[in-house]
Amino acid sequence: MPKKLLLLPPLSASSAFRAPRARPAASPAMNAARTGYRVFSANSTAACTELAKRITERLGAELGKSVVYQETNGETRVEIKESVRGQDIFIIQTIPRDVNTAVMELLIMAYALKTACARNIIGVIPYFPYSKQSKMRKRGSIVCKLLASMLAKAGLTHIITMDLHQKEIQGFFSFPVDNLRASPFLLQYIQEEIPNYRNAVIVAKSPDAAKRAQSYAERLRLGLAVIHGEAQCTELDMDDGRHSPPMVKNATVHPGLELPLMMAKEKPPITVVGDVGGRIAIIVDDIIDDVESFVAAAEILKERGAYKIYVMATHGILSADAPRLIEESSVDEVVVTNTVPHEVQKLQCPKIKTVDISLILSEAIRRIHNGESMAYLFRNITVDD
């Protein structure tokens with residue numbers, strides 16, 4: 001049986017060779033929106049936005065449009081005033097005196113950006129709050145770990161910070177953490193702003209800070225001194241939340257359990273290991289908050305013959321009466337970076353000087369957005385910095 005052929009009607013000339021329609025080219029603005037980045041400040045106060053403005057000026061960008069404010073009932077409200085869809089968003093949050101409000105501002109802004117379909121949300125937190133609460137104390141909690149979990153839940157995908165109090169804090173996070181260092185800027189300040197710095201000695205105010213002081217001393221080719229004794233290391237005793245031996249009354253002991261006798265700790269009298277006579281003493285640390293220990297260290301160094309005393313730290317929190325105590329002490333100058341706003345404290349105490357670290361933060365933002373290596377920012381940086 002012969003097969004039937006299916007005949008189609010002839011195509012018209014206009015439809016025989018019809019070219020596919022060309023899609024309209026995407027505008028440069030559309031491409032920029034898809035692959036661009038924005039920088040926001042999670043706090044609207046002038047003191048906290050200063051660092052954000054410095055960073056955006058170095059990047060040649062504008063600060064993102066947002067409103068952060070406290071309602072009359074104390075709740076925090078955040079409003080994003082522009083589209084962030086598909087972009088890399090960097091939230092800069094400096095921590096003022098009201099730490100808990102700053103944390104909530106950061107969490108709410110991150111969640112707002114997440115729901116607005118931002119591609120990546122990177123927190124730029126120069127001073128990470130609750131970093132001192134990174135170890136268990138008695139029946140307390142590791143609050144730093146809790147905060148890391150909250151930031152991840154809010155939508156953050158990356159964090160840029162500086163000089164964490166304990167480097168092991170990076171292990172609390174489920175996403176990348178870049179822990180930058182301020183030591184290159186502080187070392188540059190020593191070399192350029194301290195006259196006759198070759199006659200200086202780097203001082204650790206406690207054995208805990210000896211590694212950091214040694215790193216500074218080796219790179220500056222200077223001597224090292226360590227203060228050790230009863231007035232120091234109070235935080236170390238509380239790290240594990242235990243006394244030695246524990247102060248327990250009427251303790252019940254199992255009849256078959258015989259433990260070795262535990263000897264109570266007895267700290268030696270305060271001493272200075274190293275020669276500071278006729279030298280410039282430079283005390284280095286990561287945080288200067290309550291300044292009593294720094295003031296006490298300065299008095300000891302003065303008694304041992306140091307004729308000028310500097311205190312250098314990354315984070316100048318300077319709580320409570322810190323400006324007044326510094327002004328009345330033997331400390332000649334306190335040098336801190338602008339990771340924490342401290343303009344009010346500088347007005348109260350002219351001894352406080354500031355080193356700007358916006359350069360390294362802006363470069364970190366640029367490299368992360370462009371997918372470049374961060375190794376350049378860690379050149380000549382040691383683990384002990």
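## Helix H6 and its surroundings

The buried residues of helix H6 (183–193) pack against helix H7 (210–220), strands S11, S12, S13 (333–337) and S14 (352–355), and helix H12. On the H6 side, the buried set is Ser183, Phe185, Leu186, Leu187, Tyr189 and Ile190. Buried here is under 20% relative accessible area, exposed is over 50%, and partly exposed is in between, using a 1.4 Å probe and protein chains only. Helices (H or I, at least four residues) and strands (E, at least two) are DSSP runs, numbered from the N terminus.

A word on what you're looking at: this is a predicted model, where local features need pLDDT of at least 70 and side-chain atom pairs count only at pLDDT 80 or more, while totals for chains, interfaces and linings use all residues. Residues are numbered from 1 along each chain as its sequence is written, and side-chain values use heavy atoms, with hydrogens and water left out.

## Helix H7

H7 returns the favour: H6 is among the elements that cover its buried residues, along with S8, S9 and S11. Those buried residues are Arg212, Ala213, Ser215, Tyr216, Ala217 and Leu220. Right after the helix comes arginine 221, with a positive phi near 60°.

## Helix H9

What covers the buried residues of H9? The list includes strands S8 (200–204), S9 (223–228), S10 (271–273), S11 (280–288) and S12 (308–316), plus helix H10 (322–328). The buried residues themselves are Phe294, Val295, Ala297, Ala298, Ile300 and Leu301. An α-helix has 3.6 residues a turn, so residues three or four places apart point the same way.

The length of H9 checks out too: its 12 residues (292–303) should span 16 Å at 1.5 Å a residue, and the end C-alpha atoms are 17 Å apart, which agrees. The expected span is 1.5 Å times one less than the number of residues. Just after H9, glycine 305 takes a positive phi of about 110°. Back inside the helix, phenylalanine 294 has lysine 205 over its face, 4.9 Å from the ring centre. For a charge to sit over a ring, NZ of Lys or CZ of Arg must be within 6 Å of the ring centre and within 35 degrees of the ring normal. Arginine 379 does this as well, with its charged end over the ring of tyrosine 376, 4.0 Å from the centre.

## Nonpolar cores

The largest nonpolar core has 45 residues, and Ile160, Leu180, Ile202, Ile282 and Leu361 touch the most other members. A core here is a set of buried Ala, Val, Leu, Ile, Met, Phe, Trp, Tyr and Cys residues joined through side-chain atoms within 4.5 Å. Take leucine 361: not counting residues up to four places away in sequence, Leu361 touches Leu51, Ile55, Val124, Pro126, Ile160, Met162 and Leu180. A second, separate core of 30 residues includes Val68, Leu147, Phe172 and Val177. In soluble globular proteins, nonpolar side chains tend to be buried together.

## Aromatic pairs

There are three aromatic pairs in the structure. Rings of Phe, Tyr and Trp (its six-membered ring) pair if their centres lie within 6.5 Å; planes under 30 degrees apart count as stacked, over 60 as edge-to-face and the rest as tilted. One of the pairs joins phenylalanine 128 to phenylalanine 173, edge-to-face, at 5.5 Å centre to centre and 75° between the planes. Phenylalanine 128 is in the loop between strand S5 (120–125) and helix H5 (143–154), and phenylalanine 173 is in the loop between strand S6 (158–162) and strand S7 (177–180), so the pair ties together parts 45 residues apart in sequence.

Phenylalanine 173 also pairs with phenylalanine 175, this time tilted, at 5.4 Å centre to centre and 55° between the planes. Phe128, Phe173 and Phe175 form one aromatic cluster. Phenylalanine 128 counts as buried at 2% relative accessibility, and phenylalanine 173 does so at 10%.

## Isoleucine 381 and the whole chain

Isoleucine 381 lies in the segment after helix H12 (358–370) and counts as buried at 18% relative accessibility. Leaving aside neighbours within four places in sequence, Ile381 is in contact (heavy atoms within 4.5 Å) with Arg181, Ser183, Pro184 and Arg219. Arginine 181 is 200 residues away in sequence but 7.7 Å away in space, C-alpha to C-alpha.

Overall, the protein chain has 12 helices and 14 strands, and buried residues make up 44% of its 385 residues. Among contacts between residues at least 6 apart in sequence, 69% join residues at least 24 apart.
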